[in-house]
Amino acid sequence: MGSINDRVKMGWAQADITPDQPVVLAGQFHARVSKGIMDPVTATAFAVEAFNDTGPQGQVVMVSCDLASIGNELRDAVRERIQAASGGLDPFSVFIGATHTHSAPDARIVPYGMEQYGTEYKRLVSDHGGSANASRAGMWPDIGLEVMSPADYLEFAVGRIADAVLEAWEKREPGGIAYGLGHAVIGRNRRLTYRDGTSQMYGKPGTPEFSHVEGYEDHSVYAMVTYDQDQKITGMVVNVPCPSQVSEHIYQISADYWHETRVELRKRFGSDLFILPQCAPAGDQSPHVLIGRRAEERMWRLKGRDTDQNAPRQEIALKIADAISDIVPYAEKETDWTPPFQHVCETVDLPRRMISEQDVEDALEEARPFREQYEKLVAELESNPEIRKTPRWYTEITKAYRRMERGKRVRTRLELQTANPDMPIEVHVVRLGDVAFATNPFELYLDYALRIRELSEAAQTFLIQKAGCNGTYLPSRRSIACGGYGSVPASTDIGPDGGDRLVEWTVDTINRMW
Amino acid sequence: MNTDHCSTLNIGWATRCVTPERPVVLGAQFHMRISDGVDGPVTVTAMALSTDDSPNSSLVFVACDVGGFRHKWYDENNFLEMCRETLRARAPEIDVSRVILNATHTHTAPNTLIKRYGEEPLPDGVATAEECMDVLREGIAEAVVEAWNNRKPGGVSYGLGTAVVGHNRRATYFAEDSSRRAGAVVGGFTRMYGDTNDPTFSHIEGYEDHYVDLLYTWDEESNLTGVVVNLASPSQETEGAMYVSADFWHEIREEIRRRHGSHIQILAQCSTAGDQSPHRLWYKTAEERMLKLRGLTMREEIGRRVANAVDEVLPVAKATIETELRCEHLVSEISLPRRIVSDEEAVAVRDDLAKLEAEARAGTNNYRIAQRARRVLERYEQQKQSPDIPMELHLIRLGDVAFATNRFELFLDYGIRIKARSPAVQTFLVQLAANDGWDGTYLPSERAIANRGYGGGVYDNEVGPEGGRVIVEETVKGLHELWSR
């Protein structure tokens, strides 16, 4: 493939997707009904159209949402609205990634895990006697939570996201891009391995049994900056291998550290700056400090950061902004006003992680006490509705429900995997100048990202995870060997074979563009 | 913090240049290199700390721009004792057992190991290993005595910064590499500095530590006098160069002094970094591009990053100076189980040695590699009589900060274990601390042993994970004892 464009037009827009009613916040096993808004959650759209003297030659709209994940239903609903609007934007030119904040509204409506089986899931589930109808309560039990349901939130968010996409598309103007690499110590590997060879997510390192941090960390920050024809900065793509989960247990709506980062970047580069945050592969990463916590907390305190909750978020924001400030003056020496552009969107079949009867037994055994607990709590609730007046009355019952359903899902997977051994996923690859962008829907472990980046012929390869199908963890081989949450069958629909295929397809597609 | 046992601090600094005036043999690589110039001086820097009331509180750290501390092979090496003898003669008031030498592990320092590259005479004008050793020993002695004698009341403060300097240098592959070189087993799933632009590349074997532990020293007027900079990377960015150099520590010192004054002393400490290096195994293209855009070499970039970390923490440090704090220094000798050479390994190494000796007779200069094989066979015999080898362990408490030394190129996993279990708020680990006898080999992690490759094989390790675990336990135990007093 060669480049057939000689210039690009780019447009930016942002939408507030903060609801004005309580919602269930996504990210934990137990439900959290939001009480107020710490900071807004937003959707940002960055539109690019390539053209030459004969006309348009390619397009993409990259979208990032302060959400825990992006489901196919959200993506498809946004595309329907785009389809209905005029303006020449192909809905399949749009991809949407999540920053993976754990303090945003839950927008998942498909029964737990069913959409993982692609468009055939409804038929498969019906054939196996299940109900494939999306539930307005989504992942949560129907127990009378007084919230804007996930389905209602989804409709609200879809409208705003689609508006942002169309606005960015409308505002396309000729411009240039610059890009660069910086560093910031933000993401930490969250899986600790012990002397017995097992790993635990967020394990304790201060014990004699602790052996090592299971995997790697990536302290790079990738940035792409866009300029208008007056060479004024219009926006930035900021790609960081770390989910935004500092405040992952709070009961308020928040974009987590991306809020502070946007504030800081706008302080430095202008209040009208658009920022597209991208979470690079970080399935085994987290902003939580497991090694060196005491020293870090001391530093936050001495630096006068606000509170323990916000201190690490402020710290991260400053680190990202410092990295960007360190990149921009140098990157813009090579602003590219005629960047080559290509965009490929394909559905790729990845081999599923095939599970065994033993895996199902293990998962059901793990889920059994939660099933018993759920049934008991439901009975208590029915016999004593006054329980609903207790603050956070729903915590244990929703946790039990989710843990129970997680086990049942493994059983359903076993039943379905024979008929559907591959998982179709939508993947996008974009070339913009010397930079490649490539999406995947998973919480992809870092090892895969390094492989893609090193085999890619792009000067820099921006990888975006959590872009579709409410993807779960895609663990590395070494993490599978160590077990634990995030790598056991119950946590993962796709395993290393699928990861390898994803690497192979992504690298082949990128390299055909160079 | 319990303020009992807090005492006034006295702090002294000194630096000596130990850059030779003649060409030298550069150490630390398998092949011989004769230097063709100097790219920044190699120095030794001493920081002396003591309190008024307790002889157990004194310590002198001496950071040396060297690859290691050896003047003879294996157990004949007593460079540390030679330095201590010199000090006893010049300054008997100094407790030499509390003088700690640490190597920054640059690969472009003068070689001090006699017959490292064989017995052939060096070209005219090239300084011998003995001469270089004498220069180093003299420089260390002068720096220590001066630092000790110019101790004045002052204060310290500390903080934690970050700088991306060290990278894990072990690339792991799906397929096992069965290649093997006589005298240096390199087969396995991991290759040091392996190519990651390879479809069979799986992952980076281990972890990285991008913290910078910083301890600042101040005079009585709260003026900055020096900083201890502790980071997990050997100084080997230009390790294959043909000039004498301190590598990136030169740029770090230059940049800090440019910003804060040429009088500022910098004590360089390499934390546990046996599997680390400043070389990037991945994102090389992107990093090279940024260097070109910035107009910097990588060493200059490292200097900039570390100086930025120093500056970021400085305001916090200036606001938290302590002039009276608890200072204790424990020195002990611990026993480490040897990495046992198996019978099968001994047979294989004998075969290797036979091949190497045949090559040598045919004219190949493989002295260095052959010596490695001879050492393995020597260990095979020694282990029957003495299954353990000693290590001098220094544990220091300075307020809420700990220092802990070890003699090896200790893989990072052990350092992380110590830091996670240490009672100190910050724990400065110092590898390649001088010990007599054979020092400075790799001490690989369990996962490195499993993956093999250079650094994890029989040629490379006198002590293996069993010994690594002893170092961790003894260090943690000793630190907890210090904190419980």
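A residue is taken as buried if 20 or more other C-beta atoms lie within 10 Å of its own. By this criterion, in the predicted model described here, helix H8 of chain B, which spans residues 412-421, is mostly covered, with 10 of its 10 residues buried. The buried residues of H8(B) comprise B:Leu412, B:Asp413, B:Tyr414, B:Gly415 and B:Ile416, followed by B:Arg417, B:Ile418, B:Lys419, B:Ala420 and B:Arg421. Their packing partners within chain B are strand S15 (276-277), strand S19 (401-405), strand S20 (409-410), strand S21 (426-430) and helix H10 (465-484), and S9 of chain A is packed against them as well.

The chain to which H8(B) belongs contains 10 helices and 22 strands. Of the 485 residues in chain B, 58% are buried, and the C-alpha atoms of the chain fill a box of roughly 65 × 55 × 50 Å when this is taken along the principal axes. The radius of gyration of chain B is 22 Å, which agrees with a compact globule, because a globule of 485 residues would be expected to have a value near 23 Å. Among the contacts in chain B with a separation of 6 or more, 81% join residues that are 24 or more positions apart.

The contact between the two chains draws 38 residues from chain A and 37 residues from chain B. On the side of chain A that touches chain B, at least two residues each are supplied by strand S5 (173-183), strand S9 (210-213), helix H5 (293-302), helix H6 (311-331), helix H9 (446-455) and helix H10 (477-482) of chain A. In composition, this side of chain A divides into 15 nonpolar, 10 polar and 13 charged residues. Strand S9 of chain A, one of the elements listed for this side, is also the element of chain A against which the buried residues of H8(B) pack.

Helix H6 of chain A, another of these contributing elements, additionally meets helix H4 (residues 257-269) of chain A, the two axes coming within 8 Å and crossing at roughly 40 degrees. H4(A) is therefore oblique to H6(A), and the crossing of the two helices is right-handed. From H4(A), the residues involved are A:Tyr257, A:Glu260, A:Thr261, A:Glu264, A:Leu265 and A:Arg268, which meet A:Arg313, A:Gln314, A:Ile316, A:Ala317, A:Leu318, A:Ile320, A:Ala321, A:Ile324 and A:Ser325 in H6(A). The residues of this contact between H4(A) and H6(A) divide into 8 nonpolar, 3 polar and 4 charged.

Notes:
Residues numbered from 1 in each chain as written. Chains lettered and ligands numbered in written order. Predicted model: local features only at pLDDT ≥ 70, side-chain atom pairs only at ≥ 80, totals over all residues. Helix = DSSP H or I, 4+ residues; strand = E, 2+ residues; numbered from the N terminus. Rg over C-alpha atoms; globule rule 2.2 N^0.38 Å. Buried ≥ 20, exposed ≤ 12 C-beta atoms within 10 Å, placed from the backbone. Contact = placed C-beta atoms within 7 Å. Nonpolar A, V, L, I, M, F, W, Y, C, P; charged D, E, K, R; others polar. Axes fitted to C-alpha atoms, helices over the stretch in contact; angles between N-to-C directions. Parallel < 35°, antiparallel > 145°, perpendicular 65-115°, else oblique. Left-handed = near helix turned anticlockwise from the far one by under 90°.
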